[in-house]
Each structure stands twice: as structure tokens, then as C-alpha cells.
Amino acid sequence: MQSVAPRAVDLGGLTVRRLLPRSARRMIGPWCFLDLVGPLSFTSAAAMDVPPHPHIGIQTVTWLLEGEMLHKDSLGSEAVARPGVLNLMTSGRGIAHSEETPADHSGRLHAVQLWVALPEAHRDREPVFDEYRDRPAVELPGGRATVILGELAQTHAVGRTFSPMMAAEVTIDAGAEVVLPLSRAFEHGLVPLIGMGTSEGQTLETDSLYYLEPGRDAVAVRAMASGPVRVLLLGGAPFGESILMWWNFVARTTDEITAARDDWQAHRRFGEVERYAGARLEAPPFLARPVPANPMS
Ligand code: MN
């Protein structure tokens, strides 16, 4: 298994650990961005306050292990993500949103923030925000899983998706081994979120990403005897399109990115997050070439 160590990124006072995109691994199926937030404790100050900013060409997936995250967007949506509640925002051609710790919070935050690249046929669609409160559970010998999107062990999580993909959070009991069934058509990634494990003789470090090539029927993951391990499993059919990423935009050409930047700066296309109290984010200057997000670029 190829392993990818996280890179620390400062999001204005909040340090997160980025696992995608990295030079060693740009995508896993349509999954093109993966940040780990926390686990952290905080008292009076809010842990998170990301002012309104735009997205194009993606879905954002917010999944929490602890705490709360308040989402507001330019469609007028307002929703609090909590453990077990999936927030799924489809940007399509353009949306703006903010992410804050709500006033009524637990003082804890541990979250996974992901982007899914939208395929060509859907990337210019109208934006939409979905909240799902009913993620299915799966009992497995040695542990259990919650299916976040797609399918695991014949259990399907209903959700708005646009290409073949899946995500699940798996808990493996201390000292036990779980065999996770995989789709042969998918590539996969494993990320231990809490605790450590092993797989096929390889140690799985907390907050690192382990990549599995397509063609596998299963992967076995064992928890250390000292405690259980909670693992994020991501999968998807290799994304057959070259994408460009710059700031919060996923596109195909530099012209699309500069047009989106110009529209944001001119208050066109994306709308305003009316319910957010404060200024929105300004786009950084467009200087560098956008980063190709997969090797086909
Ligand atoms: Mn965002």
C-alpha cells in the first residue's frame, strides 16, 4: 500500500492536516480533497470561522466524529453537521458558503472535510444543498461501519452522487480484524482517524492515507490490542477526466478558473451568504498556474 503522510495547513488560526491533493497522490476516484480537522478542545472562542467563499465543480462532504459545524450558503440553507449527520453540498456551476462553530457547541471538534470532483456532464448543474440524517449501519465480524455515501457490504447509503464512489467510517474492536469487501472497479484509500492498526503486515498510522489500487475484492484491517481503531474508507472508479484545482475551484481550463475568480470578486454568479455576520473572503491574486490534480493533466 502506498502511504501518504499529512501536510499541516494553517486555515487562519486553525491548523488542519491535508491528505489530498498531495504530490504522491492527487485523487482517489472522484475524491480530490481531504482535510482532517482536530480532534481539539476549545473554550470560549469558536474553533472554526471560515467566512463566505465560493466553489465550482465539486461536492463538499462534511463528516464529524465529534462536535458541531454550522453551514450557511447562498441558497439560504443553514444546517448543523454533527456525528452521524452528513452535509453534502453540490456546487455545480457556483455556490458560496461559510462554516462556523455554532454558538451552542460542545467545545470539541473532530471532522473530515472532503471534495468530490463533478464529472463533465454534471459540473455546470445548478447548486443544491443536502442534509442526510439516516446513514446506515453495518455489523461486521470484529467491528461495525457507518456507510456515508455509496455502498459497503451490500448496504447502500442514499445520497446525491454523480459518479461511482463510496465512503464509510469503520470501527474495528481492540485486537480484532475486519475484512472490508471492496469493489474491484474502484481504487480505495484508508485513513485511521482514531487509533492505529495494521493491514497485511503494514502499520497504519493515525491521520495518514493508505492507497489501494483497483482490482481488489477486500482488505483486512486489524486494530492494535491496546484499543479500537476508527478508519475512514474512501473509494471510487478512477476519475477519467483531467481536472485543475486553484483556491476553492475545480475546473478544466485556466480560463474557467480566472472567470470564476473574476465573478466572485465582482459579486456575480455565486450569490451572497446573507445569514453570515461578517465580511466574505477575497480571492487571492491569480499568479501561479493552477495545480493539475491528477496525473492525466
Ligand atoms: Mn468551502
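This is a short tutorial chat about a predicted model, covering its cores, aromatic pairs and metal site.

Trainee: Let's start inside. Which residues touch the most other members of the largest nonpolar core?

Mentor: The general idea first: in soluble globular proteins, nonpolar side chains tend to be buried together. Here the largest nonpolar core has 26 residues, and the ones touching the most other members are Trp31, Leu34, Val61, Val112, Val191 and Leu232. A separate core, of 25 residues, includes Val138, Ala145, Leu180 and Leu190.

Trainee: Say I click on Leu34. What is Leu34 in contact with, leaving aside its neighbours within four places in sequence?

Mentor: You'll find Arg17, Arg18, Leu19 and Leu20, then Val112, Gln113 and Leu114, and finally Val191, Leu232 and Leu234.

Trainee: On to the rings. How many aromatic pairs does a search of the whole structure find?

Mentor: Seven. To read one, remember that a pair of aromatic rings is described by the distance of the centres and the angle of the planes. Take Trp246 and Phe286: their centres are 5.1 Å apart and their planes sit at 70°, an edge-to-face pair. The two rings come from distant parts of the chain, 40 residues apart, with Trp246 in strand β24 and Phe286 in the loop between α1 and β26.

Trainee: Is Trp246 buried or exposed? And why does Phe286 count as partly exposed?

Mentor: Trp246 counts as buried because its relative accessibility is 10%, and the cut-off for buried is under 20%. Phe286 is at 25%, so it counts as partly exposed.

Trainee: Which other pair is edge-to-face?

Mentor: Try Trp264 and Phe270, at 5.8 Å centre to centre with 75° between the planes. Trp264 is buried, with a relative accessible area of 1%, and Phe270 is buried too, at 3%. Both belong to one aromatic cluster with Trp246, Trp247, Phe249 and Phe286.

Trainee: Which charged residue lies over the face of Trp264?

Mentor: That's Arg280, at 3.7 Å from the ring centre. Elsewhere, Arg25 lies over the face of Tyr211, at 3.6 Å from the ring centre.

Trainee: Last stop, the metal. What are the protein donors of the manganese ion?

Mentor: Three histidines, each through NE2: His53, His55 and His97, lying 2.1 to 2.2 Å from the ion. Along the chain, the donors follow the spacing H-x1-H-x41-H. His53 is in strand β5 and His97 in strand β10, so this pair ties together parts that are 44 residues apart in sequence.

Trainee: Is His53 buried or exposed? What about His97, buried or exposed?

Mentor: His53 is buried, with a relative accessible area of 4%, and His97 counts as buried at 2%.

Methods
Residues are numbered from 1 along each chain as its sequence is written. This is a predicted model: local features need pLDDT of at least 70, side-chain atom pairs count only at pLDDT 80 or more; totals for chains, interfaces and linings use all residues. Side-chain values use heavy atoms; hydrogens and water are left out. A nonpolar core is a set of buried Ala, Val, Leu, Ile, Met, Phe, Trp, Tyr and Cys residues joined through side-chain atoms within 4.5 Å. Buried means under 20% relative accessible area, exposed over 50%, partly exposed in between (1.4 Å probe, protein chains only). Contact means heavy atoms within 4.5 Å. Rings of Phe, Tyr and Trp (its six-membered ring) pair if their centres lie within 6.5 Å; planes under 30 degrees apart count as stacked, over 60 as edge-to-face and the rest as tilted. Helices (H or I, at least four residues) and strands (E, at least two) are DSSP runs, numbered from the N terminus. A charge sits over a ring if NZ of Lys or CZ of Arg is within 6 Å of the ring centre and within 35 degrees of the ring normal. Donors are N, O and S atoms within 2.8 Å of the metal (3.2 Å for Na, K and Ca); water is not among the atoms, so sites may look incomplete.
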